[in-house]
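Please open the structure in a viewer and keep the selection tool at hand. The tour proceeds by selection, and each stop explains what may be found there.

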Amino acid sequence: PLLARKLRDSGGNIHSPEEALAAFNQASTMLRKGETSDEMVELYMRAVELGFERRNRCFNGAGMVRCKQDRSREGYDFFSQATAFDQHDSRAWHNRANAAFDLGDIQQAHADAMRAREASEVPGQMSPSAGSHGPSAVKEISTDSVQAEMLWRAAGVAAMIGQNEPAAVLR
């Protein structure tokens, strides 16, 4: 990718807002294509450094890259930065819940899942999509943490296979 090469060749010297947007867009495109590289995280962080107004999306993207690289602790930390920047970003809360689950912290995963649900109910806020680190059926989560996590994961599988009912995946 041209911008990633420019970033590397210039020693990280991307300076304009247009280049920050281009860095964000390039990293996001690479992520949608299933690519994961440290270079993508560098692009996201460079966009943050240059004041890209949707910093939460940069942190969220970097977290997704790290989780796809089986580096859930780093992913969790990026998702935490995203939620600190925008507490109503349901995708970031959703992804943080999945990272917490991957790290074995079921209580934190449940708490973050509930925050994702609350954020998805705020008018005008993004709800988790199939492009996030996990499922899209946040509202299907029960209060029992074990059952909630099973439904959470089932919802992700349901979203991937086009099934509308997450519980059907568990049957």
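Helices and strands are DSSP runs, a helix having at least four residues and a strand at least two, and they are numbered from the N terminus. The model shown is predicted.

**The whole chain**

Begin by displaying the protein chain as a cartoon. Nine helices and zero strands appear, so that the order along the sequence reads α-α-α-α-α-α-α-α-α. Of the 171 residues in the protein chain, 47% are buried. Now switch on the surface: its accessible area is about 8,600 Å², and carbon and sulfur atoms account for 48% of this. Among contacts in the protein chain with a separation of 6 or more, 52% join residues 24 or more positions apart.

**Helix α4**

Select residues 55–68, which form helix α4. From first C-alpha to last, the 14 residues of α4 reach 20 Å, close to the 20 Å expected at 1.5 Å a residue. A general point helps when viewing any such element: an α-helix has 3.6 residues a turn, so residues three or four places apart point the same way.

How many of the 14 residues of α4 are buried? Eleven are, so α4 is largely enclosed by the rest of the structure. The buried residues include Asn56, Phe59, Gly63 and Val65. To see what surrounds them, add α2 (17–32), α3 (38–49), α5 (72–85) and α6 (90–102), against which the buried residues of α4 pack.

**Cys58 and the nonpolar core**

Within α4, select Cys58, whose relative accessible area is 0%; Cys58 is buried because this value is under 20%. Setting aside neighbours within four places in sequence, Cys58 is in contact with Phe24, Tyr44, Met45, Ala47, Val48 and Phe52.

Cys58 also belongs to the largest nonpolar core, a group of 28 residues. Tyr44, Met45 and Cys58 are the members with the most contacts inside this core. At least two core residues come from each of α2, α3, α4, α5 and α6. Helix α3 provides the largest share, with seven residues.

Next, select Cys67, which is also in the list of buried residues of α4. Cys67 has a relative accessibility of 6% and counts as buried. A disulfide is a covalent bond between the sulfur atoms of two cysteines. How many disulfides does a search of the whole structure find? The search finds zero.

**The aromatic cluster**

Select Phe24, Tyr44 and Phe52 together and show their side chains. Ring pairs link these three residues into a cluster. A pair of aromatic rings is described by the distance of the centres and the angle of the planes.

The whole structure holds two aromatic pairs. One of them joins Phe24 and Tyr44 in an edge-to-face arrangement, with 5.9 Å from centre to centre and 65° between the planes. Phe24 is in helix α2 and Tyr44 in helix α3, so this pair ties together parts that are 20 residues apart in sequence. Both residues are buried: Phe24 has a relative accessible area of 5%, and Tyr44 has a relative accessibility of 2%.

Phe24 also pairs with Phe52, and here the rings are stacked, at 4.7 Å centre to centre with 25° between the planes. This pair links distant parts of the chain, 28 residues apart, since Phe24 is in helix α2 and Phe52 is in the loop between α3 and α4. Phe52 counts as buried, at 11% relative accessibility.

**Lys68 and Asp70**

Return to helix α4 and select Lys68, which lies in this helix. Is Lys68 buried or partly exposed? With a relative accessible area of 44%, Lys68 is partly exposed. Leaving aside neighbours within four places in sequence, Lys68 is in contact with Leu31 and Thr36. Draw a distance between the C-alpha atoms of Lys68 and Gly34: the two are 8.8 Å apart in space and 34 residues apart in sequence.

The final selection is Asp70, in the loop between α4 and α5. Asp70 is exposed, with a relative accessible area of 71%. Just after α4, Asp70 takes a phi of about 60°, which is a positive value in a residue other than glycine.

Definitions and conventions: Residues numbered from 1 in each chain as written. Predicted model: local features only at pLDDT ≥ 70, side-chain atom pairs only at ≥ 80, totals over all residues. Heavy atoms only, no water. Disulfide = S-S within 2.5 Å. Buried < 20%, exposed > 50% of the residue type's maximum accessible area, 1.4 Å probe, protein only. Contact = heavy atoms within 4.5 Å. Areas by Shrake-Rupley, 256 points an atom, 1.4 Å probe, with all protein chains shown as cover. Expected span 1.5 Å × (residues − 1). Phe/Tyr/Trp six-rings, centres within 6.5 Å; stacked < 30°, edge-to-face > 60°. Core = buried A, V, L, I, M, F, W, Y, C linked by side-chain atoms within 4.5 Å.
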